[in-house]
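Subject: Structure handover

Hello,

Here is the structure I said I would pass on. My notes on it follow below.

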Amino acid sequence: MKLFNLSGRKTLEEASPVAFADWKDAPHGTAISLPQDVEVEDLRSHLNELTLIVLEFPIFRDGRAFTQARSLREYEGYKGEIRASGHLLPDQAIHLKRCGFDSVALPEEANTQDWDEQLSRYQFYYQNTAVSLV
């Protein structure tokens, strides 16, 4: 796995996320992997302790992690790293960034140039976003 940085912020490359199912009974560690069927509000009391939340895209057509990321940034005020993992395409790079993702976990054989090209595709946006793009 290699990380692609969307936000320009420092990524936590050495972090080992704990599965949410293991973490929820006895919260431990500062990095978790959150499945798409968990409400981010369940993390509210622990967000200050978490430095990395990995949001999973189990299949391409399941976009619930976009909503999770935006909720974490806009409604919960989460300041740590949000990482996307799973079935993703370079075409989604801009939307991932605008929803609040900081990084994407890519397969080793992935071409990061495709991701870079997508990020530079548009320079101006009309819609509000979860993060400030400058």
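What share of the contacts in the protein with a separation of 6 or more comes from residues 24 or more positions apart? The share is 60%. Please keep in mind that this is a predicted model.

Overall dimensions

The protein has 134 residues, and 41% of them count as buried. Its radius of gyration is 14 Å; a compact globule with 134 residues would have a value near 14 Å, so the two agree. The C-alpha trace spans about 45 × 35 × 30 Å along the principal axes. About 7900 Å² of the protein is exposed, and 48% of that area is supplied by carbon and sulfur atoms.

Fold

The protein contains four helices and six strands. Along the sequence they follow the pattern β-β-α-β-β-α-β-α-β-α. Six strands form an open sheet in the order β1-β6-β5-β4-β3-β2, and the pairing in this sheet is mixed. The edges are β1 and β2, each of which pairs on one side only.

I went through the sheet starting from the β2 edge. Strand β2 covers residues 18-19 and pairs with β3 in the parallel sense over two bridges. Within this pairing, Ser 33 in β3 has Ala 19 opposite.

Which residues of strand β3 point one way and which the other? In β3 (residues 31-34), Ala 31 and Ser 33 point one way, Ile 32 and Leu 34 point the other way, and all are buried.

On to β4, which covers residues 52-57: this strand and β3 are parallel, with four bridges between them. Leu 52 in β4 is the bridge partner of Ala 31. Strand β4 also runs parallel to β5 (residues 81-86), and six bridges join the two. Leu 52 appears here again, standing opposite Glu 81 in β5.

Strand β5 in turn pairs with β6 in the parallel sense over three bridges. One facing pair there is Arg 83 and Ser 103, the latter in β6.

Two crossovers can be described in this part of the fold. One is the β-α-β unit made by β4, α2 and β5, which is right-handed. The other consists of β5, α3 and β6, and this β-α-β unit is right-handed as well.

Aromatic pairs

A pair of aromatic rings is described by the distance of the centres and the angle of the planes. How many aromatic pairs are there in the model? The count comes to five.

One of them joins Phe 4 and Trp 115: the centres are 5.8 Å apart, the planes are at 45°, and the pair is tilted. Phe 4 is in strand β1 (residues 2-5) and Trp 115 is in helix α4 (residues 112-119), so this pair ties together parts that lie 111 residues apart in sequence. Phe 4 and Trp 115 are both buried.

Another pair is formed by Phe 66 and Phe 101. Their ring centres are 6.4 Å apart and their planes stand at 85°, so the pair is edge-to-face; the cut-off for that class is over 60 degrees. This pair also links distant parts of the chain, 35 residues apart: Phe 66 lies in helix α2 (residues 64-75), and Phe 101 lies in the loop between α3 (93-99) and β6 (103-106).

Are these two rings on buried or exposed residues? Phe 66 has a relative accessibility of 12% and counts as buried, because buried means under 20%. Phe 101 is buried too, with a relative accessible area of 1%. Phe 66 and Phe 101 also belong to one aromatic cluster together with Phe 57.

A residue in helix α2

The last item is Ser 71, which lies in helix α2. Its relative accessibility is 12%, so Ser 71 counts as buried. Leaving aside residues up to four places away in sequence, Ser 71 touches Val 40 and Glu 76.

That is the end of my notes.

Regards

Note on methods. Residues numbered from 1 in each chain as written. Predicted model: local features only at pLDDT ≥ 70, side-chain atom pairs only at ≥ 80, totals over all residues. Heavy atoms only, no water. Phe/Tyr/Trp six-rings, centres within 6.5 Å; stacked < 30°, edge-to-face > 60°. Buried < 20%, exposed > 50% of the residue type's maximum accessible area, 1.4 Å probe, protein only. Pairing = 2+ DSSP bridges. Right-handed = clockwise from strand over helix to strand, strands pointing away. Rg over C-alpha atoms; globule rule 2.2 N^0.38 Å. Contact = heavy atoms within 4.5 Å. Areas by Shrake-Rupley, 256 points an atom, 1.4 Å probe, with all protein chains shown as cover.
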